[in-house]
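This briefing reviews the chain contacts, helix packing and sheet topology of the assembly shown here. It is intended for reading alongside the sequence and coordinates.

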Amino acid sequence: MDQHHHSQLFEVGGAQVSRLEDVRLITGNGKYSSDWNAPDQLHACFLRSDRAHARIVSINYEKVGQIKGVVGVYTGDDAKASGYLRSANFLTFAGKGGMKAKVPDRPCIAIGKVRFVGDIVAMVIAESHLAAQDACELIEVTYDDLPAVIDPVAALAPGAPQLHDEIPGNAPFEAETGDEASVTDAISKAAHVTKLTVDCTRVTASPMEPRAALIEFDATNGGYIVHTPSQGVNMTRRQFAGYTNLAEDKFRVDIQDVGGGFGQRSTVYPEYISMMIAAKALQRPIKWVSTRTESFLSDTHGRGNIITATLALDKNAQFTGLRIDWLTDMGAFLSPTGPVSHIRNPSTCLNGVYKIPALYGHFTVALTNTMLVAAYRGAGRPDIAYAIERVVDAAALELKMDPADLRRRNYIPANEFPYKTATGSTYECADLPGLSAKALALADWSGFEARKAASAKKGKLRGIGMSTVIENTGAGMYPKDEIEISVDAKGLVTAHSVAQSQGQSHETTFAMVISNALGIPVERIKIRQGDPDKATTMIGNHSGGSRTMVGAGTVCHIAANKLIDAGKSLAAEDLGVEPSQVTYSKGEFSSKQSKKKITLAQLATKKTLCVRGEGTFLSTFPNGCHIAEVEIDPETGVTDIASYLSVDDCGHVVSHTVVEGQMHGAVVQGLGQVFGEHIVYDKQSGQMLTASFGDYIMPRAGQHLKSMRMEEHATMSKVGPLGIKGMGESGCTASLGALVNAMSNALGVKHVDMPLTPAKVWKTIQQTKAIN
Amino acid sequence: MHTFSYVKAKSLKEAGDMLAAHADAKLLAGGMTLIPTLKARLAQPSHLIDISGIAELTGIDVKDGKLTIGAGTKHVEVARSAVVKKAIPALAYLANQIGDPQVRNRGTIGGSLANNDPAADYPSAALAVGATIVTNKREIAADDFFQGMFSTALGTGEMIVKIVFPVPAKAAYEKFPHPASGYAMAGSFISQTAKGVRVAITGAGPGVFRWKEAEAALGKKMNAAAVEGINVDSTDLNEDMHGTREYRANLAKVMTKRAVAKLSGK
Amino acid sequence: MAKVELKINGKPHSYEVEDRTLLVNLIRDSAQLTGTHVGCDTSQCGACTVHMNGVAVKSCTVLAVQASGADITTIEGMAKNGKLHPVQQAFTECHALQCGFCTPGMIMAVAGLLKDNPKPTDEEIYHGLEGNLCRCTGYINIVKAVKKSAELMGK
């Protein structure tokens with residue numbers, strides 16, 4: 001991953017490209033969801049609640065008739081009539097004391113009551129999107145306002161406004177992991193205890209492609225044909241089935257390009273379900289393209305966890321116990337992926353990279369009058385790592401120790417892997433002390449004081465921070481991952497997958513794996529993702545939880561080898577030998593015995609050359625140490641990242657170019673949360689104050705981070721034959737801690753919550769001045 | 001967007017007549033504020049009168065110590081104009097800080113002044129330099145033109161034709177952009193002439209305003225230390241989730257200090 | 001309704017559209033050139049950037065009727081005779097795109113930037129990209145691609 005790795009370039013259509021998908025994407029020939037159109041299509045527009053919590057007294061849509069081209073208006077009555085009342089939920093494990101999650105209904109259009117600003121009140125269908133928009137504005141809704149609760153702590157307090165009658169106290173679920181008694185004991189006997197509460201703020205994924213859908217009723221089977229951004233067709237079809245009570249095979253989900261996902265596109269949204277009602281009733285395709293404002297209001301949010309970490313240390317600064325109290329704000333309903341990921345992932349990595357004998361985690365889910373929270377790049381992993389890496393720094397500050405030294409004393413030693421944690425998970429392999437030592441040396445950790453003095457001379461505050469993290473990649477919802485691979489008469493290889501890239505470069509990396517196995521150039525290999533004709537029979541996971549290279553990517557290798565074996569049997573006849581006497585190399589089967597040869601293409605003209613490979617994979621455990629140095633202008637509170645270094649263990653790397661790109665993107669999404677991104681609702685009115693890019697602070701070019709240095713310290717995973725560890729999210733996971741640790745160090749404070757906007761940083765400096 | 005009728009005016013007179021004829025019409029120049037406002041359905045004009053093709057609204061020229069810029073001049077044209085760079089380089093610099101390249105390629109100086117967004121850049125230059133806003137009906141001094149948030153002295157049927165900037169001896173602009181929108185959280189434009197120093201602050205308050213204490217202090221001594229001991233009164237400044245009024249007061253001061261340093265070549 | 005006659009990628013087009021139709025909708029819906037994308041409604045993301053008479057503009061903030069008589073270049077018009085435009089070439093070589101959604105707007109913005117400033121400094125590149133958002137790349141490779149484009153165009 002470091003500087004000497006040059007881009008792997010391929011020759012496609014006479015151009016040098018670093019990825020096979022690039023040619024269509026840079027020429028404007030990509031096909032995203034809003035690029036699909038159907039003859040005779042109608043357009044949907046959603047009327048959304050402009051209040052946080054209210055009873056719907058009446059909806060009057062008489063006036064929409066004034067608008068030419070309006071075809072229909074759908075309300076909660078239609079949702080009720082359709083029976084589309086409950087979205088899928090993947091929370092399957094039992095909670096505290098065996099409790100089951102109370103999952104509230106979420107009708108596809110609000111029935112009787114709205115519960116957050118942006119909740120769907122009505123859907124207008126018209127001949128054009130402008131007409132649908134005009135008509136929406138003419139609908140008159142009478143509301144009876146109810147008190148709203150925005151803050152999750154307030155939502156759980158006695159007397160709080162109640163969102164759902166069937167969920168008293170707005171508390172649908174509580175879970176625990178580890179052993180509370182042993183942690184309490186460790187804390188009581190500790191030489192030192194550090195306690196820290198951090199707000200891992202609510203943010204939104206903001207993929208650049210707004211949500212969109214084109215939905216058609218399929219009269220041949222009573223199902224639907226859907227084009228919409230997805231992270232994997234199977235998971236999407238399963239959720240459609242769950243919402244509508246139709247069989248999964250009634251849904252033909254056909255997609256090509258997805259403009260970013262980051263977890264937000266793993267959820268099926270009620271808009272699509274509402275559109276199905278209209279598509280069936282009107283027997284015409286319905287198209288909807290979200291505005292960005294709607295995206296802010298109605299795309300699932302991420303993070304939103306308030307975490308208290310209590311760390312017990314003995315007199316040698318060894319960690320003896322860690323208690324995590326975790327409050328997760330899920331918004332007005334439970335999203336399919338939110339509760340499960342925000343509890344399971346942190347439980348799996350509750351001790352971070354440290355050897356801690358006593359662990360206990362307590363998770364409380366709260367409902368608030370806000371948009372739903374779901375998986376967002378890391379989904380609980382960045383949050384737990386952030387809380388742990390912050391409390392460790394806070395402990396070092398209190399003990400006046402070097403944070404690097406405190407970590408060194410507590411890392412799980414390399415020879416103790418596979419390491420079974422006190423919450424029952426097994427970290428596969430890592431060399432944390434080695435990885436961290438390498439990072440400290442490369443970052444010149446010990447030379448920091450001189451750099452700080454140089455910054456001080458310029459009137460700047462400098463800080464350094466490190467974060468060492470490990471995380472589990474997703475094991476998947478489906479029992480296995482399949483890849484179908486076939487060869488045509490031209491010798492072109494096609495591989496089918498049901499995982500869906502949203503920018504992760506599957507078309508290139510899968511082709512590289514197959515190219516390696518078959519010994520043919522990547523340009524001869526075409527990857528087709530989510531082909532609707534294959535999806536109904538292929539088993540496989542969506543792209544989420546950094547799992548795709550570990551799963552589907554590895555199966556590309558397995559399937560390619562299976563293809564060679566199948567080819568040997570078929571070739572044996574032609575070569576006039578036994579299959580065991582056939583060898584394969586670079587697209588050609590041959591036999592020493594008969595001195596004959598046959599190419600893949602020749603064989604494919606005579607025989608069907610098509611196999612399906614499969615594999616089942618547990619989680620891998622990518623890990624890394626990131627070190628950031630920041631420089632703050634105290635006059636304005638503006639922060640510059642003076643340096644950012646990462647040393648990562650992603651196991652075997654298929655494409656360094658792609659891994660570097662993922663790491664850049666993930667680190668910058670992390671720094672986006674650290675320095676600016678924040679979904680803010682007004683605490684009283686429940687209005688969203690950050691519903692545009694004019695108020696939601698997205699990272700921009702050159703802002704904060706101008707370059708980063710990346711190095712590797714790999715240990716090979718044995719989860720799959722290639723040694724891969726999934727790494728799409730680990731940059732997010734490591735960067736929150738590294739950056740906030742550096743900022744706390746620069747500001748000389750124990751903790752300051754994100755987002756560290758210039759205004760917040762300046763205020764912190766003023767407060768610190770006032771104290772000193 | 002609501003529906004409206006689009007009309008293209010060929011001359012100043014035609015535009016004026018159209019404005020007079022339609023009470024709910026709006027002028028469309030670059031459209032960089034108006035079109036997003038329409039898209040958000042926050043305005044419902046009956047007509048949009050496109051004034052982008054009117055020759056009388058174009059042109060940059062300097063004569064007798066006065067820089068005249070046509071209202072329809074785009075930000076990019078001001079930013080790159082050799083005439084502006086020579087006469088008031090701070091104004092060319094300011095124009096290059098507005099929005100982003102695509103916005104600068106369309107947005108106009110007249111549009112910016114007529115809109116008088118409290119966080120826009122141009123009003124600070126007009127006020128600090130003491131510009132004259134020439135309309136199709138009269139001439140308005142900048143001191144009288146800006147009347148608080150999105151409000152100006154422009155009357156019904158009145159449109160800006162050109163802006164006349166007296167060329168100061170020296171001028172400088174420094175801006176702290178809002179981290180999301182890029183508008184000024186605080187911008188300070190300093191202009192120094194034989195008559196004294198004027199400092200106009202944009203972005204921090206509900207409208208552009210002169211910081212008279214700084215003017216007095218800098219009139220005595222043009223260096224950053226001169227404003228060290230004084231502060232912008234934060235009472236009436238803007239406060240929102242992006243920053244307190246104290247922060248904005250601080251930014252106004254820091255931007256002023258930086259503008260002073262630039263102005264005095266330090 | 002308004003009649004809009006314009007050139008897109010060198011070819012004449014003529015459409016009857018509502019006065020309130022945006023240029024981006026004319027390009028995407030009427031001309032069916034879907035390479036130009038819409039990523040926001042407040043003119044901040046730049047995904048819709050096209051060239052209008054040789055200048056980069058956000059086509060979501062221009063009325064179609066305002067573009068009457070104009071010469072529009074979209075991403076589809078950048079490659080000539082089957083050869084990628086240097087900015088396109090640089091974007092793929094530098095892995096400056098992941099999901100690709102912001103990419104057409106980015107490429108058009110970069111082409112606009114380099115037209116005015118063929119050898120931009122890092123700071124000038126950041127300033128020149130202020131109107132474009134990318135969520136995947138963290139911009140590091142995009143900035144590299146701008147430099148690479150400048151190099152390829154200088155050849």
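The points below are grouped by topic, beginning with the contacts between chains. The model is predicted.

**Contacts between chains**

- Chain A contributes 16 residues to its contact with chain B, and chain B contributes 13 residues.
- On the side of chain A that touches chain B, helix H20 (residues 758-771) of chain A gives the most, with four residues.
- That side of chain A comprises eight nonpolar, four polar and four charged residues.
- The contact between chain A and chain C draws 48 residues from chain A and 48 residues from chain C.
- Several elements of chain A each supply at least two residues to the side that touches chain C, namely strand E2 (15-17), helix H1 (22-26), helix H8 (292-298) and H18.
- H18(A) gives the most to this side, with six residues.
- By class, the side of chain A that touches chain C holds 18 nonpolar, 23 polar and seven charged residues.

**Helix packing in chain A**

- Helix H10 (residues 381-398) of chain A packs against helix H19 (residues 730-747) of chain A at an angle of about 30°, and their axes are 8 Å apart.
- Angles under 35 degrees count as roughly parallel, and H10(A) and H19(A) are therefore roughly parallel to each other.
- The crossing of H10(A) past H19(A) is right-handed.
- H10(A) enters this contact through Arg381(A), Pro382(A), Ala385(A), Tyr386(A), Glu389(A), Arg390(A) and Asp393(A). From H19(A) come Cys732(A), Thr733(A), Leu736(A), Gly737(A), Val740(A), Asn741(A) and Ser744(A).
- The contact of H10(A) with H19(A) contains six nonpolar, four polar and four charged residues.
- H19(A) also packs with H18(A): their axes come within 7 Å and cross at roughly 45°.
- This angle makes H18(A) oblique to H19(A), and their crossing is right-handed.
- On the H18(A) side, the residues in contact are Gln662(A), Met663(A), Ala666(A), Val667(A), Gln669(A), Gly670(A), Leu671(A), Gln673(A) and Val674(A). They meet Ser730(A), Gly731(A), Cys732(A), Ser735(A), Leu736(A), Leu739(A) and Val740(A) of H19(A).
- The contact of H18(A) with H19(A) has nine nonpolar residues, seven polar residues and no charged residues.

**A β-α-β unit in chain A**

- Strand E29 (residues 638-649) of chain A and strand E30 (residues 709-712) of chain A run parallel and are joined by four bridges.
- Within this pairing, Val647(A) of E29(A) lies opposite Glu711(A) in E30(A).
- Together with helix H18 (residues 656-675) of chain A, E29(A) and E30(A) make a right-handed β-α-β unit.

**Sheets of chain B**

- Five strands of chain B form an open sheet with antiparallel pairing, in the order E4-E5-E8-E6-E7.
- Strand E4 (60-63) and strand E7 (139-141) of chain B each have a single partner strand, so one side of each is left without a neighbour in the sheet.
- From one strand to the next, the twist of this sheet averages 20°.
- Inside the sheet, strand E6 (residues 132-135) of chain B and strand E8 (residues 160-166) of chain B run antiparallel and share four bridges. Thr132(B) stands opposite Val164(B) of E8(B).
- Another open sheet of chain B has three strands in the order E1-E3-E2, with parallel pairing.
- Its edges are strand E1 (5-8) and strand E2 (25-28) of chain B, each of which pairs on one side only.
- Neighbouring strands of the three-stranded sheet are turned by 25° against each other on average, direction ignored.
- Four bridges connect E1(B) with strand E3 (residues 47-50) of chain B in the parallel sense, and Tyr6(B) has Leu48(B) of E3(B) as its bridge partner.
- Helix H1 (residues 12-21) of chain B lies across E1, E2 and E3 of chain B and runs at about 170° to E3(B).

**Helix packing in chain C**

- Helix H2 (residues 86-93) and helix H3 (residues 103-116) of chain C have axes that come within 9 Å and cross at roughly 125°.
- This angle makes H2(C) oblique to H3(C), and H2(C) passes H3(C) in a right-handed crossing.
- Val87(C), Gln88(C) and Phe91(C) of H2(C) meet Thr103(C), Ile107(C), Val110(C) and Ala111(C) of H3(C).
- By class, the contact of H2(C) with H3(C) has five nonpolar, two polar and no charged residues.

Technical notes. Residues numbered from 1 in each chain as written. Chains lettered and ligands numbered in written order. Predicted model: local features only at pLDDT ≥ 70, side-chain atom pairs only at ≥ 80, totals over all residues. Contact = placed C-beta atoms within 7 Å. Nonpolar A, V, L, I, M, F, W, Y, C, P; charged D, E, K, R; others polar. Axes fitted to C-alpha atoms, helices over the stretch in contact; angles between N-to-C directions. Parallel < 35°, antiparallel > 145°, perpendicular 65-115°, else oblique. Left-handed = near helix turned anticlockwise from the far one by under 90°. Pairing = 2+ DSSP bridges. Right-handed = clockwise from strand over helix to strand, strands pointing away.
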